[in-house]
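This briefing goes through one structure by topic, beginning with a question about a pocket and moving on to the sheet, a strand residue and the cysteines.

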Amino acid sequence: MTSAITILTDNFADWETALLNSTARLYYGFYTRFATPGGQPVTSSGGMLVTPQLALEDISLDELDLLMVCGGSSWQSGKAPDLTALLRAAQAKNIVLAGICDGTRVLAQAGVLDNVRHTSNSAANLLETGYAGAALYQDVPWAVADQRIITAPGTAPVSFTAEVLRALGIADDNLAGYLAMHGAEHGQANRAHLAA
């Protein structure tokens, strides 16, 4: 069974990893868990209270396939946990690493994005971290995958879901249809906007 852990902090962005976790658990049978600093309950930006299964400090990388960092305002608060050792160890074990929105800042701060193509909410968002990967930044509105590391702006949860699952070897027709359904409104909105 594929095992995934999503790291959450207070004020995490509800929508960013919800589609991925739901799809992975419900349709593909992943073992999904959530981790927070100290294993304490956290409240999302939308007010959803989440009680995690484990503390960040208790994450074991043994038999873990995916480690994901959800975005949220805490990552720029100065009170965010330091995940550098955990993320570098996961990268060394070839575990799929994923960050969306300000979760990409966490990957950048850990040095994980220094040698892979990546994206974020903006190039400036990552430059503030002092990371060494700016030359590989991709200024695109969708997820970018490179060497089992997936990054996305906070506005791209559908392509983020697709790229993470592809990195885990899932890319079937059912998934393509499911993700197309979730992204359909964007195509229609774009066509309507262009026609106006």
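What volume does the largest pocket have? In this predicted model, the largest pocket has a volume of about 180 Å³. The points below describe the lining of that pocket, then the open sheet of 7 strands, and then the individual residues Ser3, Cys70 and Cys101.

**Largest pocket**

- Helix α1 (14-28) and strand β2 (31-36) each supply at least two residues of the lining of the largest pocket, and α1 gives the most, with 6 residues.
- The residues that line the largest pocket include Asp14, Thr17, Ala18, Asn21, Ser22 and Arg25, and also among them are Thr32, Phe34, Leu8, Phe12, Met48 and Val50.

**Sheet and the helix across it**

- The 7 strands of the open sheet follow the order β5-β2-β1-β6-β7-β9-β8, and their pairing is mixed.
- The edges of this sheet are formed by β5 (54-55) and β8 (144-146), each of which pairs on one side only.
- Strands β1 (residues 3-7) and β6 (residues 66-69) run parallel and are joined by 4 bridges, and the bridge partner that Ile5 has in β6 is Leu67.
- Helix α2 (residues 84-92) lies across β1, β6, β7 (96-100) and β9 (149-152), and the direction of α2 makes an angle of about 145 degrees with that of β6.

**Ser3 in strand β1**

- Ser3 lies in strand β1 and has a relative accessible area of 6%, so that it counts as buried, the cut-off for that term being under 20%.
- When its neighbours within four places in sequence are left aside, Ser3 is in contact with Tyr31, Arg33, Glu63, Leu64, Asp65 and Leu66.
- Of these contacts, Tyr31 and Arg33 fall within the residue range of β2 (31-36), while Leu66 belongs to the range of β6 (residues 66-69).

**Cysteines**

- The structure holds 0 disulfides, and Cys70 is in none, the nearest cysteine sulfur being that of Cys101, 8.1 Å away.
- Cys101 is likewise in no disulfide, with the sulfur of Cys70 as the nearest cysteine sulfur at 8.1 Å; the cut-off for a disulfide is a pair of cysteine sulfur atoms within 2.5 Å, which is why this pair does not count as one.
- Both cysteines are buried, with a relative accessible area of 0% for Cys70 and of 14% for Cys101.

Technical notes
Residues numbered from 1 in each chain as written. Predicted model: local features only at pLDDT ≥ 70, side-chain atom pairs only at ≥ 80, totals over all residues. Heavy atoms only, no water. Buried < 20%, exposed > 50% of the residue type's maximum accessible area, 1.4 Å probe, protein only. Pairing = 2+ DSSP bridges. Contact = heavy atoms within 4.5 Å. Axes fitted to C-alpha atoms, helices over the stretch in contact; angles between N-to-C directions. 1 Å grid on protein atoms, 1.4 Å probe; cavity = no way out; pocket = protein on both sides within 12 Å on 5 of 7 lines; lining within 4 Å. Points joined across faces, edges and corners; volume = space filled by probe spheres on them.
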